Every structure is written in C-alpha cells, then in structure tokens.
Amino acid sequence: MERSMRCAAACLAVAVVLSWVPCGFGWLDPESPDVAVFPTTEDTGMSSIWSPSNQLEWTNNWGAWGYVTFKGHLNVLALKFDSLAPYAGQTVEQAELHLCKYNNEPVYGLASSTINTDWQESQASYRYKSNTGAVDWTFSHGDFTTATFGNFGTLVSYGYKAHGTFKTYSSGGYNWVAMQLDPDLVHALILDQHGLAVADPRGYDMPNVRIWMTSPSSPQYKPRLLIKFAAATDTTPPDAVTNLQAAPGPENGEAVLSFGAPTDPQAEKAFGYTVRYSSVDDFAGATSAQRWRIPRPLPAGQPQRMLIEGLTPGLTYYFYVQAYDAAGNDGPVQ
C-alpha cells in the first residue's frame with residue numbers, strides 16, 4: 001500500500017540504549033574454529049578537548065596515527081569493520097571487542113555504540129564527518145555525538161568487570177582490554193550502521209590511555225571483533241508496518257510519516273526499517289531516507305513517527321516503509 005501527499009517530512013529519531021543482559025557465556029577463544037576474528041578496516045580518534053569554549057581539537061584528524069588517546073568523552077575511538085557485510089543472514093550468538101593498549105595506564109570499563117552514518121578515517125573529526133567541505137555528521141551543525149551513543153537510532157552496550165562483561169589480559173607481550181558486546185550491535189554493523197564508537201565510561205579525570213590503531217608496522221595489535229555465529233538462522237521476515245500515513249510537516253518541503261510497528265514471528269520486535277520516497281510510484285528507484293532519520297522499531301503495535309525534509313512543495317510523493325529483522329530478512333513493503 002502506498003500513501004501520497006503534496007508537500008512533505010520530519011524524523012523523530014529514536015535513541016536506543018540496549019537493556020541486554022549477558023547470557024552467561026564465557027569469553028571467546030580466538031583460536032576456536034567457531035570464532036571469527038575481524039580486525040578494523042578503518043579507525044581513528046575523536047577529540048573534543050577544551051570544548052565548547054575552545055574547539056582547537058574538534059577538527060583534528062587522527063586517521064594516519066598508529067595509536068590514539070582514549071580518555072572518557074574527550075577522546076573517543078571510531079572503528080570500522082567493513083568486512084562484516086558478507087555475513088548478512090547469520091545470527092550473532094556472541095561478540096567481543098578487543099583493544100590493545102599502547103601504554104600501561106589503567107582502563108576499568110568500556111562503552112560502545114554504533115555509528116549511524118558513513119565516514120572515512122582520513123577525513124573524519126569530532127566536529128565533521130568530513131573535514132573536506134565541512135560536512136556535518138547528521139543534521140546541520142551536528143557533531144559526532146549526534147551519530148553515536150543512543151542518538152538517532154544508534155545502539156549502545158557497556159562492559160564492566162563487576163558484570164563479567166569486561167576484562168584485561170596480556171598477549172604477545174602487550175596488555176589488552178576487552179568487552180562483551182550485545183549481539184545486536186554486530187547485527188547493526190552488518191545491516192545498517194557504520195562502525196563502533198568506543199569510550200572509557202569513567203569520565204575524563206584520568207591519565208591518557210593510548211590504544212593501538214591500524215598501522216602497517218603493527219597490524220597484529222589493531223582493534224578487532226571476535227564473533228561466534230549461531231548454527232540456526234532466522235529465515236522468517238517481520239510483517240508489514242500498519243496504518244502508514246503522511247502529513248505535512250511544520251515547514252515547506254517536509255512530511256511527517258506515522259505508522260504502527262510490525263510484528264516479528266521470531267522476535268519481540270523488528271530490527272530496523274528501510275524508508276524511501278519518490279515523486280513516482282517506484283519503490284526500487286525511490287530515494288532512501290538518511291539512516292540517522294529512521295527510528296528503531298518499537299514492540300509490535302506501538303506508534304512511530306519520522307520526519308523527511310528536502311521535498312519539493314507542490315509535488316505528489318509516494319512513501320514506502322519496509323521492516324527487516326536482525327538477520328536482514330525484509331518484510332513486505334507498505
């Protein structure tokens with residue numbers, strides 16, 4: 001079913017903090033044939049030191065460095081794992097993030113979030129997704145925080161020693177830190193997100209911890225994901241969203257979409273939405289809404305809304321919403 005309207009859109013992005021509870025599994029063995037190891041394909045650091053009164057480091061790019069500083073919300077890691085795309089359709093049973101320390105300053109916990117928009121290590125800074133052309137991370141004047149840590153459809157999980165989800169260890173003569181990840185963070189990396197932001201959740205009154213990044217001279221120390229995929233796969237897609245409607249937004253060229261969250265036969269709720277729009281009735285050729293604008297599915301039947309901007313006033317638009325599950329199975333287009 002398609003809905004059309006004249007003039008158009010607004011996204012109420014839904015922040016999601018996962019309430020995942022560890023399921024009692026032990027730590028993964030990287031030597032096990034059941035465990036896949038994925039080093040970063042790109043990585044860098046994000047620095048907001050002295051902000052907001054002094055934004056000296058907001059546009060610094062650390063992509064060429066062999067290590068970066070890791071310090072609360074002031075220095076955050078950005079890690080990309082592009083090699084995960086071929087694993088769409090598989091269900092993640094366990095996942096861990098491992099970081100090698102460049103120095104011996106202590107780390108007591110880790111917080112990890114998905115990143116909702118694409119970036120390149122040679123261009124990205126805390127202030128801009130791309131320093132070339134001063135491209136914002138999301139909306140106008142949106143910095144790295146708008147693309148991470150529970151904002152605009154991103155997913156978050158935490159690793160703490162007291163919860164059994166964080167550990168330190170030594171390997172190869174170096175000290176490492178590791179956290180267990182909610183499997184849905186990895187599902188998101190496979191399907192609709194663009195890497196992980198990683199922070200030390202203690203705050204910033206601490207020494208400068210330094211973490212090895214990608215470097216030709218140190219590939220064995222780069223950040224990595226350990227993943228164990230489940231033997232069984234989910235092959236049943238979610239149902240269609242219900243009651244899709246479009247209404248004029250608060251400004252010209254905007255539309256507000258509303259719809260009911262779908263049911264998913266094999267989960268409490270669907271995992272994500274594909275949202276497209278076009279001035280002709282053509283789903284395949286329609287424009288995809290920016291990922292950060294699209295809310296995460298709520299439990300079945302609950303109402304959801306999102307904003308679409310940049311439409312041409314006076315044109316008739318067709319809007320399409322399609323739910324998918326954590327394995328990437330697409331439901332019916334509504």
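The side chain of threonine 154 reaches the backbone oxygen of asparagine 151 at 2.9 Å, in a model that is predicted. Threonine 154 has its place in the loop between β7 (109-114) and β8 (156-160), and because its relative accessible area is 0%, under the 20% cut-off, this residue counts as buried. The points below take up the fold as a whole, then the loop and its backbone angles, and then the spaces inside and on the protein.

**The whole protein**

- The secondary structure of the protein comes to one helix and 20 strands, and of its 334 residues, 51% are buried.
- Among the contacts in the protein with a separation of 6 or more, 78% are accounted for by residues 24 or more positions apart in the sequence.
- The protein exposes an area of about 14,400 Å², and carbon and sulfur atoms supply 50% of that area.

**Backbone angles**

- Most residues other than glycine have a negative phi.
- Phenylalanine 152, which is found in the loop between β7 and β8, has a positive phi, near 50°.
- The relative accessibility of phenylalanine 152 is 21%, and because the partly exposed class runs from 20% to 50%, this residue counts as partly exposed.
- Asparagine 243 has a positive phi as well, with a value near 55°, but this residue lies in a strand, β14, which covers residues 242-248.
- With a relative accessible area of 48%, asparagine 243 is partly exposed, because that value does not go over the 50% required for an exposed residue.

**The cavity**

- The structure holds one cavity of 30 Å³ or more, and the volume of the largest cavity is about 40 Å³.
- Phenylalanine 152, described above for its positive phi, is one of the residues that line this cavity, and the lining also includes Gly153, Asp192, Gln193, Gly272 and Tyr273.
- Other residues of the lining are Arg291, Ile294, Pro295, Arg296 and Tyr324.
- When the lining of the largest cavity is sorted by class, it has five nonpolar, three polar and three charged residues.

**The second largest pocket**

- The second largest pocket has a volume of about 230 Å³, and of the 16 residues that line this pocket, the closest to its centre are Gly72, His73, Val76, Phe149 and Ala199.
- The lining of the second largest pocket divides into eight nonpolar residues, seven polar residues and one charged residue.

How values were computed
Residues are numbered from 1 along each chain as its sequence is written. This is a predicted model: local features need pLDDT of at least 70, side-chain atom pairs count only at pLDDT 80 or more; totals for chains, interfaces and linings use all residues. Side-chain values use heavy atoms; hydrogens and water are left out. Helices (H or I, at least four residues) and strands (E, at least two) are DSSP runs, numbered from the N terminus. Buried means under 20% relative accessible area, exposed over 50%, partly exposed in between (1.4 Å probe, protein chains only). Contact means heavy atoms within 4.5 Å. Accessible areas come from the Shrake-Rupley method with a 1.4 Å probe; for residues, only the protein chains shown count as cover. On a 1 Å grid over the protein atoms alone, a cavity is a set of points where a 1.4 Å probe fits but cannot get out, and a pocket is an open set with protein on both sides within 12 Å along at least five of seven lines; lining residues have an atom within 4 Å of a point. Grid points are joined across faces, edges and corners, and a volume is the space filled by probe spheres set on the points. Ala, Val, Leu, Ile, Met, Phe, Trp, Tyr, Cys and Pro count as nonpolar, Asp, Glu, Lys and Arg as charged, and the others, Gly among them, as polar. A polar contact is a pair of N or O atoms within 3.5 Å; within protein, one must be able to donate a hydrogen and the other to accept it, and residues adjacent in sequence count only if both atoms are side-chain atoms.
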